[in-house]
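Please read the following paragraphs with the model open beside them. They lead from the pairing of strands, through some backbone geometry, to the surroundings of the ligand and the confidence of the prediction.

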Amino acid sequence: MYLTLSNRLREALVRHIQEHYAISMDVVLDHPPKIEMGEAASPVCFELAKRLKIQVQSVPVLLSRCREALKNLALEARLNTESVDVTLPVREAPFELGRVHPITQVIDELTTIFADMGFAVAEGPDIETEDYNFTKLNFPEDHPARDMHDTFFFNPKPDGTRLLLRTHTSPVQVRTMLSQKPPIRVIIPGRTYRSDSDQTHTPMFHQVEGLVIDKSSHLGHLKWILEEFFKAFFEVDRVGMRFRPSFFPFTEPSLEVDIQCRRDKGEIRFGEGDDWMEIVGCGMVHPNVMRNCGLDPDEYQGFAWGMGIDRIAMLKYGMADLRAFFDADVRWLSHYGFRPLDFPTLAGGLSP
Ligand code: 2NL
């Protein structure tokens, strides 16, 4: 073990040892600053102790005294040089400087709204099987969504099956139905992936889907849920809705929902005006999907819906370009981001 001291410290230590332990200063100073205390330490220490004219029981005792002396010196030096100016203004704490991404904020907002209606949040993996992403959801084998051009597939496994990046959050509903007994009331917010890239599409985007399964759940319930959601989310007292027939492989009947809006010089207001905006797809869960997920369609029925989180975030907070969401530009985030402690509550107003 080496004990290496700067001259300044050595002198201070010498002074300190002399004052506190009455050890001759000359001897310590005479000694070279590097003291070896390895295997050959005992003769050195013995010699040192003899020359110091004190009773040193062991090397550790000497070392711990030195260590203590050094600590005291360091503390003294800090106390002499440091000062606290209590009149300075308070600096912003780091958590005040950070910002919550609008996607995270919107997920927090919609989770709060659906939680108030009794929905749980379910999560699942981003990497899925073809079976959970397509087959169990009643996609025919030759459906275009299964195409390499639209979906990110991994290389096939020896048994021929392929993993993929989920193209929607529906596989999580499949997992929920396979593992839970109805009544089921869940929402699934999360990342989804499609091979698509332009001003309104990014290869990774966010979706929230909802699923309700019980003995007699029907489209009337769905209509109420969506209406309450849109009123709470867009913070308006009323909102007109329009249901149009549509098609999805996993629902029957399938519907597309428009909400009433007014487009005014680039600004959009919901719940007024005579324009419509398509915002959500939905329907009654297809009996084939129920069966594929272990539920008897003669005993249970339910509905599901899905919408884009990025899109409703852009609509609510007036952000024009989707691609900026994922550029990780701190300037964008400090402008559009939210303060971390302003989390959404229904009582306090969803958005700050
Ligand atoms: C859209 C449409 C939709 C669903 C998602 C769903 C999930 C299961 C069964 C049945 Cl497990 N349906 N989800 C249903 C209808 C529409 O999303 O346009 N999304 C952006």
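Two strands are said to pair if DSSP finds at least two bridges between them, and the helices (H or I, at least four residues) and strands (E, at least two) named below are DSSP runs, numbered from the N terminus. What follows describes a predicted model, in which local features need a pLDDT of at least 70 and side-chain atom pairs count only at pLDDT 80 or more, while totals for chains, interfaces and linings use all residues. Residues are numbered from 1 along each chain as its sequence is written, and side-chain values use heavy atoms, with hydrogens and water left out.

A convenient place to begin is strand S9, residues 251-264, which is joined by 7 bridges to the antiparallel strand S8, residues 241-248. In this pairing Phe248 stands opposite Thr251 in S9, and the two strands S8 and S9 form a hairpin with 2 residues between them. Strand S9 also pairs in the antiparallel sense with strand S10, residues 267-270, over 4 bridges, and here Arg262 stands opposite Arg269 in S10. S9 and S10 likewise form a hairpin with 2 residues between them, and Lys265 in the turn has a positive phi of about 45 degrees. A further antiparallel partner of S9 is S11, to which 9 bridges join it, with Cys261 standing opposite Asp275 in S11.

The backbone has some further features to inspect, given that most residues other than glycine have a negative phi, and most peptide bonds are trans. Within strand S9 lies Pro253, and the peptide bond that leads to Pro253 from Glu252 is cis, with omega near -5 degrees. Another cis peptide bond, with omega about 5 degrees, joins Pro182 and Pro183, and Pro183 is found in the loop between H8 and strand S6 (184-193). Glu235, which is not a glycine, has a positive phi of about 55 degrees, and Glu235 is found in the loop between helix H9 (219-234) and S8.

Which elements supply the shell around the ligand? Helix H8 (170-179), strand S7 (204-214), strand S11 (275-285) and strand S12 (301-308) each contribute at least two residues, and the largest share, 4 residues, comes from S12. In total 15 residues surround the ligand, the closest being Gln173, Gln207, Glu209, Gly281 and Ala304, where a residue is counted as near if one of its heavy atoms lies within 4 Å. By class the shell has 8 nonpolar, 6 polar and 1 charged residues; Ala, Val, Leu, Ile, Met, Phe, Trp, Tyr, Cys and Pro count as nonpolar, Asp, Glu, Lys and Arg as charged, and the others, Gly among them, as polar.

Individual atom pairs add detail to this picture. A polar side-chain atom of Glu209 lies 2.6 Å from a nitrogen atom of the ligand, and a polar side-chain atom of Gln207 lies 3.3 Å from a nitrogen atom of the ligand. From the backbone, a polar atom of Gly306 is 3.3 Å from a nitrogen atom of the ligand. Taken alone the ligand exposes 490 Å², of which the protein buries 87%, with accessible areas from the Shrake-Rupley method and a 1.4 Å probe.

Finally, the mean pLDDT (the predictor's confidence in each residue, from 0 to 100) of the protein is 85, and 82% of its residues reach 70 or more. Over residues 24-40 the pLDDT is below 50, and this stretch has 36 contacts in the model beyond near neighbours in sequence, a contact meaning heavy atoms within 4.5 Å. Residues 53-57 also have a pLDDT below 50, with 4 contacts beyond near neighbours in sequence.

Terms used
Polar contact = N/O pair within 3.5 Å; in protein donor to acceptor, adjacent residues only side chain to side chain.
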